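Hi everyone, thanks for coming. I'd like to walk you through a protein today, so have a look at it on the screen before I start.

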Amino acid sequence: MTAVGGIIACDRGRSCRRASRVRGAERGQLDMAIVLRPAGHQGPDTLGTERLCIVAQAGAHLTNARTSMPWVLSPEPCDARQTLLSSLGGKQHPLIVAAEIQDPTMQMEWVRRGHGLGLMPLRLATRGLPDGLALVDLEGVDLSLQVVALRSPHLNRLAKVVEAIAETVGKAIKIEA
């Protein structure tokens, strides 16, 4: 997380910890927060869509990733984790969580070592997967989240700066989509 003069920008490794940022932005304690919301979220604050993909240890023999495989995920609260749970059938197919790890690099290392499946932004995977990882194709599973800019209602002179940040993030998401 980077903070400059009360403006907050959430990096991909910390984006799952949004509850306090959302509350802070809504109360005017933060000038801005970039957060992830469920795919159905629509509104003027939506900047774009972050599509996630499932990754596994390269060469792993998957039996049924929908139900029986362990996962390496970010700790709760995590919108990506909730989206995964919903996509896999919710309570019918509970997630088997092998590890809860906040750092995305460490998550990918645990996946590479075979501890379970993981999630990563598809836009990063298309640039090239880390060594030892492979994409897992689960037909009919949509792991999309909306990227949303929350703004304080009390921005005053910072309104132009916050708008420029939101515009830049929106353009980056669209370019890499």
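Which residues point one way from strand β7, and which the other way? Well, G118 and M120 go one way, while L119 and P121 go the other. And are these residues buried or exposed? They're all buried. Strand β7 covers residues 118–121, and its pairing with strand β4, residues 46–57, is antiparallel, over four bridges. If you want to find one of those partnerships on the screen, look for C53: its bridge partner in β7 is M120.

Before going further, remember that this is a predicted model. So how confident is the predictor? The mean pLDDT of the protein is 80, and 77% of the residues get to 70 or more. Among the elements, helix α3, residues 104–112, comes out highest with a mean of 95, and strand β1, residues 2–4, comes out lowest with 42. The start of the chain is where I'd ask you to keep that in mind: over residues 1–17 pLDDT stays under 50, and the model has 39 contacts there beyond four places in sequence.

Okay, on to salt bridges. How many are there? The count comes to seven. Let me show you some of them.

Start with E109 and R113, whose side chains meet with N and O 2.7 Å apart. E109 is partly exposed, at 26% relative accessible area, whereas R113 is at 55% and counts as exposed because the cut-off for that is over 50%.

Next up, R151 and E163 form a salt bridge at 3.3 Å, N to O. What does this pair tie together? R151 sits in strand β9, residues 144–151, and E163 in helix α5, residues 159–176, so the bridge links parts that are twelve residues apart in sequence. Both ends are partly exposed: R151 has 28% relative accessibility, and E163 has a relative accessible area of 41%.

Staying in helix α5, we find K171 and E167, with their closest N and O atoms 3.2 Å apart in a salt bridge. Where do these two sit relative to each other in the helix? They're four residues apart, so about one helical turn separates them. E167 is partly exposed too, at 43%.

Last one: E76, R81 and E100 are joined into one network by salt bridges that share partners.

That's my tour, so feel free to ask me anything.

Key:
Residues numbered from 1 in each chain as written. Heavy atoms only, no water. Salt bridge = Lys/Arg side-chain N within 4 Å of Asp/Glu carboxyl O. Buried < 20%, exposed > 50% of the residue type's maximum accessible area, 1.4 Å probe, protein only. Pairing = 2+ DSSP bridges. pLDDT = per-residue confidence, 0-100. Contact = heavy atoms within 4.5 Å.
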